[in-house]
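Good morning, and thank you for making time on the agenda. I should like to take you through one structure, beginning with its charged residues and then turning to its core and its loops.

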Amino acid sequence: MSALRNIGILAHIDAGKTTLTEQLLSLTGVVRRAGSVDEGTATTDWLVQEQQRGITIGSAAIACRYRDVDITIVDTPGHVDFTIEVERSLRVLDGAVVVLSGPDGVQAQTETVWHQASRRSLPMVGFVNKLDREGFDDERLQAEIRDRLGIEPLPLQVPLEHGDGRLRIVDVLSERELVWEETGRKSGARAGLEGRPDEEGELHRQLALERIVDMATRFDDELAEQILLGATPSTAAFLPGLRRAVEAGECLPLVYGVARTGAGLARLADAIVDLLPGPEAAGAQRMFELETGALGRVSFAPDDERSVAFVFKTEPRRGGQRLAYARVFSGRLERDMRLLRLPGRESYRIGRIVRVMGGSEEPVDWLEAGEIGGLLHRSDEPLPRTGETLAGSDYGWSFERIDAPRPVIAVAIEGEDSEDDAKMRAVLQLATHDDPSLSLQSDRGTGQTLLAGMGELHLELAFERLREEHGVRFRTGPPRARLRRIVRTAAEGVGTDIGEMTGARVEVGIGLSPIARGLGEVVRYQGQPPRRREWREALEAGLIEGLGVGGSDQIVGVEITVTDLVVAGAEPAPVAFRNAALRAVSVAVDGAGAVAAEPWMVLNVVVPDEHVGRVAGDLARRRARIRGSESRGAQQVIAAEAPLAELIGYATALRSLTAGRGVFTMEPAGYEPA
């Protein structure tokens, strides 16, 4: 295996991702003392808003070294408002650590990020955190992993004693018992006291070992033969089979500990190095052929010297600079190298190249294949956009773009005067460049400028940066859910465009059908798409434009299938495909009977037992549909669905109902008739 790992830290909000990252940095010597989320000193939470709120807002990269392996860690947000940060980070990772809060089990956002990662077949290991708190039930947690994540949990350790300031764990493969005292005291990463397990511990170890043997031998015939011959394999002998099982998505290895007090971090670092793959294991990538626009799978050979990189994020940095995060898939990126920004083919010169270390940067001369780094620019220099491919003029493919989630909530905003208004628009345009899940729009009915995003916190943070970092004076209206339209039935439409000068004729036939509770749109082809990329892009732009994207009358939750495409006469211009598609969608929408719709959210509300009745009654008044509840110690988890319009300001209401002890998460569920 290579001496390089690119991993992400994924979890529900407050499960301990950033604390875990800090402890790994402490363990590997990057920092002398692990920073604190509560104190605002975490290395990866360098934004002022992150330090003030104690949450991760933007994904942040940092590099460390463990057992002679270079590890790039991407710490991602757990809050649903910032799901775009997780999605774009997953595009460049080779593996991930899923952090599970032991007492809380598999939480709502854990499921969301798990399925995001699973769609990309990302190999993962799990870290069960917060074993210093009451309420942890390992058997229940493993059952939830099977039921909710759909994968077999594979404990590499057995927790025998936890809580009351002491943690005792049996490490299955090393046959050692690890003990940490004073687990209630915050400290850096530390090794546990080692010893032999007692009779009870050995019994639990043997049971866990049987599961490990069964999983590893499925993927390693040599190991299976050793065991059949009665040999006792070493710890290292199990690793190849376990690694293959993880890469195949057959199991989730579990390591246990307490991130806040540094317990169990070395075993997790071992699992990252031993069980997660390096860049060489990355499979063929989904890419588009530049000439035809056809989607295909492209592999990168280790000896391919052509420079190809993917830009997965941009952001402002201190000192008025801007940074583009890039993952190199082939060749290398060097300073002053000239490449193209694909698919648009704009020329681009690489300026300063840096290794990103949270909020700071370390200059480097180049980035090799498999590495993640940053391209640093002055604010007035051109910067690649999120989702662009950097490659030479002889390269014929571009990576699949990142689809941003549709904003569900909007606020009207205007500057205090014309100067502030102009500055406001310029800053917000730049913000939407960095965060594609933000959208700056104009209300077609009132003419007001709207900033739309994924939730109240998302917009609140954008306004804070506008005010505090850029000194813009502005006024805002109340947040409101963004109404859209959905179609009730399937319909067909045909659109035609004939060039006035050339006589070129393009005819597009489509089928339009509803997607139950869909959030956006899907475009498919019944036959072959247009043979030229610019034709295909123009056609698809016309289809999306026909749905009214950006306006209050936008159609959502539809699948558009191009059923017929006729090109006759002279060579048509791309605009002919756009016009024909636009007319076809207009006809189909008229026939499908579009109605107004409002966004609905999936809710998970965690409240103390004594407040369940009041919270459930309040949800009922908010038109919520309660799907069920389950007990977790002295708390109840209520699962529900409710319209977003009724949930604006819900955080304040829930604190009032539960004396500040209730918490909730929500994520978009789809649209229903308003």
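A residue is called buried when its relative accessible area is under 20%, exposed when that area is over 50%, and partly exposed in between. Please keep in mind throughout that this is a predicted model.

With that cut-off, let us begin with Glu87. Its relative accessible area is 17%, under 20%, and Glu87 is therefore buried. Glu87 forms a salt bridge with Arg120, in which the closest N and O atoms are 3.8 Å apart. This pair links distant parts of the chain, 33 residues apart: Glu87 belongs to helix H3, residues 83-90, whereas Arg120 sits in the loop between H4 and strand S5. Arg120 has a relative accessibility of 32% and so counts as partly exposed.

A search of the whole structure finds 60 salt bridges. Another of them joins the side chains of Glu315 and Lys313, at 3.3 Å from N to O. Here both partners are buried, because the relative accessibility of Glu315 is 9% and that of Lys313 is 3%.

Within helix H12, residues 533-546, Glu537 and Arg533 lie 4 residues apart, about one turn of the helix. Salt bridges with shared partners also join Glu85, Arg88, Lys313, Glu315, Arg317 and Glu361 into one network. To return to H12, the side chains of Glu537 and Arg533 meet in a salt bridge of 2.7 Å, N to O. Arg533 is buried, as its relative accessible area is 15%, while Glu537, at 39%, is partly exposed.

Which side chain of opposite charge is nearest to the buried Asp138? It is Arg211, 6.8 Å away, and Asp138 has no salt bridge. Asp138 is in helix H5, residues 138-149. Its side chain does make a polar contact with the side chain of Tyr256, at 2.8 Å. Setting aside neighbours within four places in sequence, Asp138 is in contact with Pro159 and Tyr256.

Glu22, in helix H1, is a further acidic residue to note. Its relative accessibility is 1%, and Glu22 therefore counts as buried. The C-alpha atoms of Glu22 and Ala189 are separated by 9.1 Å, although the two residues are 167 apart along the chain.

I turn now to the nonpolar interior. The largest nonpolar core has 52 residues, of which Val128 and Ile145 touch the most other members. Beyond four places in sequence, the residues that Val128 touches include Leu100, Phe136, Leu141, Leu254 and Tyr256. Apart from this core lies another, of 50 residues, among them Leu20, Phe127, Phe238 and Leu275.

Helix H4, residues 108-119, reaches 17 Å from its first C-alpha to its last, close to the 16 Å expected. Its buried residues include Gln109, Thr112, Trp114 and Gln116. Just after H4, Ser121 takes a positive phi of about 50 degrees.

Finally, some backbone details in loops. Asp68, in the loop between strands S2 and S3, has a positive phi near 65 degrees. Its relative accessibility is 58%, so Asp68 counts as exposed. Arg623 also has a positive phi near 65 degrees; it lies in the loop between helix H14 and strand S36. Where is the cis peptide bond that involves Pro343? It joins Leu342 to Pro343, with omega about 10 degrees, and Pro343 lies in the loop between strands S17 and S18.

How values were computed
Residues are numbered from 1 along each chain as its sequence is written. This is a predicted model: local features need pLDDT of at least 70, side-chain atom pairs count only at pLDDT 80 or more; totals for chains, interfaces and linings use all residues. Side-chain values use heavy atoms; hydrogens and water are left out. Helices (H or I, at least four residues) and strands (E, at least two) are DSSP runs, numbered from the N terminus. Buried means under 20% relative accessible area, exposed over 50%, partly exposed in between (1.4 Å probe, protein chains only). Lys and Arg count as positive and Asp and Glu as negative; His and the chain ends are not counted. A salt bridge is a side-chain nitrogen of Lys or Arg within 4 Å of a carboxyl oxygen of Asp or Glu. A polar contact is a pair of N or O atoms within 3.5 Å; within protein, one must be able to donate a hydrogen and the other to accept it, and residues adjacent in sequence count only if both atoms are side-chain atoms. Contact means heavy atoms within 4.5 Å. A nonpolar core is a set of buried Ala, Val, Leu, Ile, Met, Phe, Trp, Tyr and Cys residues joined through side-chain atoms within 4.5 Å. The expected span of a helix is 1.5 Å times one less than its number of residues.
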